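Subject: The structure for you to look at

Hi,

Here is the structure I said I would pass on. Open it up, turn it around a little, and then read my notes below.

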Amino acid sequence: MTTSSPIELEFSRKYDRQHAYEYLHKHHDGPARRLSHWRDEQMARRALKIAGDPDLVLDLPCGAGRFWPLLAEHPSRMIFAADNSADMLAIAEAAQPREILYRVESFQTSAFAIDMGDNAVDSIFCMRLLHHIADPAHRLAMLREFHRVTRDTLIVSLWVDGNYKAWKRKRLERRRPAKDNQNRFVVERSVIEAEFAEAGFDILDRSDFLPGYAMWRVYVLRKRG
Ligand SMILES: C[S@@+](CC[C@H](N)C(=O)[O-])C[C@H]1O[C@@H](n2cnc3c(N)ncnc32)[C@H](O)[C@@H]1O
């Protein structure tokens, strides 16, 4: 386990009780968001299949537990779920049904210093965290921590370039510089793929939310060596 104090990022502090409550409802709020959640689930199922339907999965960050029912579809899967925010974990536990909760062991931890031993799980399932991390050194620190804890694979989503939305965002930012509180970032595909390699992962699969249009991409990575 990592002994030095974990990296703490400004955006991580926003997940208080109110924000956690809003996040719980966000993905069911209107047809567009429900459709987006449905597509997220489709991509997650594909990724888990490519990862070999892992038995021991760490959902980090688990947020309000929106992927717990999907992760529990695999009958022999043991689900560990962790998040930096105690409020997020409390909301997840209050919101998810009892038959799902008994499949999940949740705990509070930082993705920069995961409270688990080396090779503790078959796969880490990391949705919607990496796009909050602007500094390549921080991304690399997190990826190295994932490399330590997973025995086999890492499933990770983030915003990448090479699509219409990323192009539009860049054009907008050129005209109107980003506000100080900007906390979501696009990473060039070539850059993140080099970081995966540097952290010790090979790419098994890439899957885009809406190819050529949307920024979300899910990677399935395999630990090398
Ligand atoms: C956008 S939510 C995504 C949650 C979930 N994966 C989903 O897709 O619904 C981001 C989550 O990251 C958590 N988080 C922020 N910083 C973190 C850190 N350093 N370590 C672990 N979790 C963190 C927040 O508390 C929040 O629950």
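Let's begin at the end of a helix: glycine 200 comes just after helix 8 and takes a positive phi of about 100°. Keep in mind that this is a predicted model.

Now step back into helix 8 itself, which covers residues 189–199. Which of its residues are buried? They are Ile192, Glu195, Phe196 and Ala199. If you look down the axis of helix 8, these buried residues fall within an arc of 105°, so they line one face of the helix. The general rule behind such a pattern is that an α-helix has 3.6 residues a turn, so residues three or four places apart point the same way. On the face of helix 8 turned away from the buried side you will find the exposed residues Ser190 and Glu198. And what do the buried residues of helix 8 pack against? Their partners are helix 6, strand 5, strand 6 (201–208) and strand 7 (216–223).

Strand 5 is a good place to go next. It runs over residues 150–159 and contains leucine 158. Leucine 158 counts as buried because its relative accessible area is 0%, and the cut-off for buried is under 20%. Beyond its neighbours within four places in sequence, leucine 158 touches a list of residues that includes Ile192 and Phe196, both of which are among the buried residues of helix 8. Val187, Met215 and Tyr219 are also among the contacts of leucine 158. One more distance to try in your viewer: the C-alpha atoms of leucine 158 and isoleucine 133 are separated by 9.7 Å, with the two positions 25 residues apart along the chain.

Another contact of leucine 158 is His131. Where does histidine 131 sit? Its place is in the loop between strand 4 (121–126) and helix 6 (136–149). Is histidine 131 buried or exposed? It is buried, with a relative accessible area of 3%. Setting aside neighbours within four places in sequence, histidine 131 is in contact with Leu158, Trp159, Asn183, Arg184, Phe185 and Trp216.

A few spots in the backbone deserve a look too. As background, most residues other than glycine have a negative phi, and most peptide bonds are trans. Here are the ones I noted:

- Leucine 60 and proline 61 are joined by a cis peptide bond, with omega about 0°. Proline 61 lies in the loop between strand 1 (56–59) and helix 3 (68–71).
- Aspartate 53 is not a glycine, yet its phi is positive, about 45°. You will find it in the loop between helix 2 (31–50) and strand 1, and it counts as partly exposed at 32% relative accessibility.
- Asparagine 119 is not a glycine either, and has a positive phi of about 55°. Its loop links strand 3 (104–108) and strand 4, and at 41% relative accessibility it is partly exposed.

Finally, zoom out to the whole chain. There are eight helices and seven strands. The radius of gyration is 17 Å, which agrees with the value near 17 Å for a compact globule with 225 residues. Buried residues make up 48% of the chain. Of the contacts between residues at least 6 apart in sequence, 74% join residues at least 24 apart. The chain exposes about 11500 Å², and carbon and sulfur atoms supply 51% of that area.

Have fun with it!

Notes:
Residues numbered from 1 in each chain as written. Predicted model: local features only at pLDDT ≥ 70, side-chain atom pairs only at ≥ 80, totals over all residues. Heavy atoms only, no water. Helix = DSSP H or I, 4+ residues; strand = E, 2+ residues; numbered from the N terminus. Buried < 20%, exposed > 50% of the residue type's maximum accessible area, 1.4 Å probe, protein only. Contact = heavy atoms within 4.5 Å. Rg over C-alpha atoms; globule rule 2.2 N^0.38 Å. Areas by Shrake-Rupley, 256 points an atom, 1.4 Å probe, with all protein chains shown as cover. Arc of directions from axis to C-beta.
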